[in-house]
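Biologist: I am new to this structure and would be grateful for a close look at a single part of it. Could you take me through how the helices there sit against one another, and by which residues?

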Amino acid sequence: TGPKRRSASATCASIHGRDCTRGRADVWARGHRGGASSQIFHLRSREEREGGTPSHATPRGEGPRDILRTSDATAGNRRRQILPAATRAAIRPPRMPSLRTSNVARLDRGTYDVLVLGEALWDVYPLRAGQSIRSRRREQRCLGGAPANVAVTLARLGLNVGMIGALGDDPLGEGLRDELTAAGVDAKHIVSVRARTGVTWVELRAGVPRYLPFRSPSADMLLHPKAIPEHLAASWIHVGSSSFARPESAEATRLAITRSNAFLSVDLNVYPHLWPRDGRIVDHLSDVLAAARIVKASESDLAALGLSEDELHALRPDALTIVTLAERGAIARIGDRRIEHRPRPVRVVDPIGAGDAFMAGVLAVIARHGWDEARALVFGARLGARAVSALGATTALVDLGRERRSLARRPSVR
């Protein structure tokens, strides 16, 4: 079992003592369910993925993993349909390719629902949207770094979450560790290094963010392979592309993926200025994308990679590929299936954390309920719309009781 949950504290710590979670607008989009049937597939255990029978499993054909649940919004009753073994084998998700280069200890997965690897830093905001970096005199700092935002949101949704990363051996790094721990993230695998904690100043002009980063390099970019624990147990591991921009952190990230023996989720979240100019960014990520079970990109990520939606999906056609379209929603593809979700319009205060909240919502649904892509898109969009209602990536995501109850409800079997 994971660490005991603590109550979540306010997301942002103001430099002048101001709590920037106050006065947030409680706004989010409510998705709608279509009338088409959707199929929900449950993730298999490690033993099943390797072709064996779990020691705790009931005989095949009698256990819950041999039941395919179907949902039809037009049906008025519930049923469970037991399918033939050949059909079950055909619809199960394919085995994830491995980055393994040597034999490593493989523990039963499940210590963490999701293990997140990547950067945590501070974003420094104005007290009010629209104030420029040049002119403002009072500011507030908020948790930043896409992986950290995903980890905090998942933990506040009630999942068992751990994080691997590097923080500076300074008061700012200590503050980030406190922030993550208070949100419920297990931070024992985050190391302190002799470098400055990353800080990025944020300016919003007409709703469009501009950044002034102080990361050259900062501690979050200096994760070393020696910092990766030998034994990691998780159902999912989630990474961002920035972890592969430097050789040492790329090696450490690949090592963590291998040792966790977990399903892999990748949020491309491309920042071109972090990458060397020795070739296409996507070429540095080919083995990672080939191993991923979920790949998420925004339209700006696709532009930075020089890929179209079809080309990204072609890199891993049997994975769940998601392209976010800002206020126009998102598109999900897996195999030959294509699902679109268009959320209701909401008032946008700060768009920076929308994609991270969306990613957390998708991961939460799939980690809890299996491959229900339509539900994952709706829930992710709901969290993303809520995230943009306040300054700071996770400021508006501190009271998620309603979302936790929604996530806890199992899909209807009709």
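**A helix end, then a helix in contact with two others**

Modeller: Just after helix H4, Gly-184 takes a positive phi of about 105°, and I should say at once that this is a predicted model. Helix H4 itself covers residues 171–183, and its end C-alpha atoms lie 18 Å apart, which agrees with the 18 Å that its 13 residues should span at 1.5 Å a residue. Within H4 the buried residues are Gly-173, Gly-175, Leu-176, Glu-179, Leu-180, Ala-182 and Ala-183.

The part to look at closely is helix H11, residues 373–387, which packs with helix H12, residues 401–408, at an angle of about 175°, the two axes being 12 Å apart. H11 and H12 are therefore roughly antiparallel to each other. Arg-375, Phe-379, Arg-382, Leu-383 and Arg-386 make the contact from H11, while H12 brings Arg-402, Glu-403, Ser-406 and Leu-407. By class, this contact of H11 with H12 holds five charged residues, three nonpolar and one polar.

H11 also meets helix H10, residues 354–369; here the axes come within 7 Å and cross at roughly 145°, and the crossing by which H10 passes H11 is right-handed. On the H10 side the residues that meet H11 include Ala-357, Phe-358, Gly-361, Val-365 and His-369, and among their counterparts in H11 are Arg-375, Phe-379, Gly-380, Leu-383 and Ala-387. The contact of H10 with H11 divides into 13 nonpolar, four polar and one charged residues.

Key:
Residues numbered from 1 in each chain as written. Predicted model: local features only at pLDDT ≥ 70, side-chain atom pairs only at ≥ 80, totals over all residues. Heavy atoms only, no water. Axes fitted to C-alpha atoms, helices over the stretch in contact; angles between N-to-C directions. Helix = DSSP H or I, 4+ residues; strand = E, 2+ residues; numbered from the N terminus. Parallel < 35°, antiparallel > 145°, perpendicular 65-115°, else oblique. Contact = heavy atoms within 4.5 Å. Nonpolar A, V, L, I, M, F, W, Y, C, P; charged D, E, K, R; others polar. Expected span 1.5 Å × (residues − 1). Buried < 20%, exposed > 50% of the residue type's maximum accessible area, 1.4 Å probe, protein only. Left-handed = near helix turned anticlockwise from the far one by under 90°.
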